[in-house]
Amino acid sequence: MRVAVLTGAGISAESGIPTFRDEGGLWKNLDPKVLATPTAFERNPALVWEWYLQRRSIIAKAKPNAGHLGLVELEQELGENFFLITQNVDGLHQRAGSRRLVELHGNIWKVKCLSCDASYEDYSTESAQLPPRCRECGGLIRPAVVWFGEPLPADALETAYRWAQNCDLFVCIGTSGEVYPAAHLPYVAKEAGAQVVEINPKETKLSPLADLCIREPATKGVQELLKMI
Ligand code: OAD
């Protein structure tokens, strides 16, 4: 059986990382359109960086939970018949041990230069002045995440669509299904004949599409999924 999994912020909620749209989520007291856009960065790069540094410090303290670890178990069991598509930028899936994955919205620990296209992994901004500058050319450094109005990384998106089109089971975990094109993937999978499972304590836009809704938090829901597969 070929299994594709799409994760969103909800899978990291039990690791202490706020989601975007829930009560107390990241978007509630900060307008994302003000911070997570290319225009906002042009206008005030230091402010945008402050926000990302705050998120980095929350993520740095967080540990992968039983949801992330359960998906590693599934990957080890299914090998090439498993693939993980994440919208999260926190890197917790990799820290848990997932290897067969794409990050549709980038990664908060990676940065890129706006002037020379240099990119850096695990770029530390702790001692840097804000906004940080490129070591190669002195240009402005930005987080390598996808902002509103920007296209997703083409390779990652293509891989995600390929899995959606060619899997037997498509599992959505901890995503509201509000943000496209990621939210389109379960529809593609269903159309191609896959069974769709949702793991989410709450109903979402994707619930009507799902053949099975596991109304549990990710830590418990993924364990149930493991028992089923
Ligand atoms: P949202 O904040 O939109 O949705 C989080 C979902 O997680 C909700 O449906 C919650 O019910 C669910 N949830 C909360 N706690 C959970 C738990 N313990 N276990 C399982 N589910 C839980 O987050 P996303 O769908 O990831 O994009 O948002 C999609 C994109 O919107 C993000 O990647 C981000 C944002 O704009 C970019 O930054 C480009």
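This is a short dialogue on reading the pockets, the ligand contacts and two peptide bonds of a predicted model.

Student: Where do I start with the largest pocket, and how much space lies in it?

Tutor: Keep in mind that you have a predicted model here. Start with volume, then ask who lines the space. About 1,000 Å³ lies in the largest pocket. Its lining is made of 48 residues, and those nearest the centre are Gly-8, Ala-9, Phe-20, Arg-21 and Gln-87.

Student: Which elements give two or more residues to that lining?

Tutor: Helix H1 (26-29) and helix H4 (45-61) do. H4 gives the largest share, with four residues.

Student: And how do the lining residues divide by character?

Tutor: For the largest pocket you get 24 nonpolar, 14 polar and ten charged residues. Look at the domains too: domain 1 (1-17 + 62-105 + 151-229) and domain 2 (22-61 + 106-145) each put at least three residues into this lining.

Student: What about the second largest pocket: how much space is there, and which residues are closest to its centre?

Tutor: Go through it in the usual order. The second largest pocket holds about 300 Å³ of space. It is lined by 16 residues, with Gly-106, Lys-112, Ala-144, Val-145 and Pro-153 closest to the centre.

Student: Which strands should I click on for that one?

Tutor: Try strand S4 (106-113), strand S5 (119-120) and strand S6 (141-145), each of which supplies at least two lining residues. S4 has the largest share, five residues. By character, the lining of the second largest pocket splits into seven nonpolar, three polar and six charged.

Student: Why does the second largest pocket lie between domain 1 and domain 2?

Tutor: Because both domains give residues to its lining.

Student: Now the ligand. Which residues come nearest to it?

Tutor: With a ligand, list the neighbours, then look for polar atom pairs. There are 24 residues around this ligand, and Phe-20, Arg-21, Thr-175, Ser-176 and Asn-200 come nearest. Phe-20 has a backbone N or O atom 2.8 Å from a ligand oxygen. Asn-200 uses its side chain instead: an N or O atom there is 2.8 Å from an oxygen atom of the ligand. At Gly-10, a backbone N or O atom sits 3.3 Å from a ligand nitrogen.

Student: How much of the ligand does the protein cover?

Tutor: On its own the ligand has 800 Å² of accessible area, and the protein covers 92% of that.

Student: One last feature: what should I expect of a peptide bond, cis or trans?

Tutor: Most peptide bonds are trans. Still, check omega before each proline. Here the bond from Leu-130 to Pro-131 is cis, with omega near -10°, and Pro-131 is in the loop between S5 and S6. Tyr-180 and Pro-181 are also joined by a cis bond, with omega about 5°. You can find Pro-181 in the loop between strand S7 (169-173) and helix H8 (185-191).

Key: Residues are numbered from 1 along each chain as its sequence is written. This is a predicted model: local features need pLDDT of at least 70, side-chain atom pairs count only at pLDDT 80 or more; totals for chains, interfaces and linings use all residues. Side-chain values use heavy atoms; hydrogens and water are left out. On a 1 Å grid over the protein atoms alone, a cavity is a set of points where a 1.4 Å probe fits but cannot get out, and a pocket is an open set with protein on both sides within 12 Å along at least five of seven lines; lining residues have an atom within 4 Å of a point. Grid points are joined across faces, edges and corners, and a volume is the space filled by probe spheres set on the points. Ala, Val, Leu, Ile, Met, Phe, Trp, Tyr, Cys and Pro count as nonpolar, Asp, Glu, Lys and Arg as charged, and the others, Gly among them, as polar. Domain bounds come from an automatic or database domain assignment. A residue is near a molecule or strand if one of its heavy atoms lies within 4 Å of it. A polar contact is a pair of N or O atoms within 3.5 Å; within protein, one must be able to donate a hydrogen and the other to accept it, and residues adjacent in sequence count only if both atoms are side-chain atoms. Accessible areas come from the Shrake-Rupley method with a 1.4 Å probe; for residues, only the protein chains shown count as cover.
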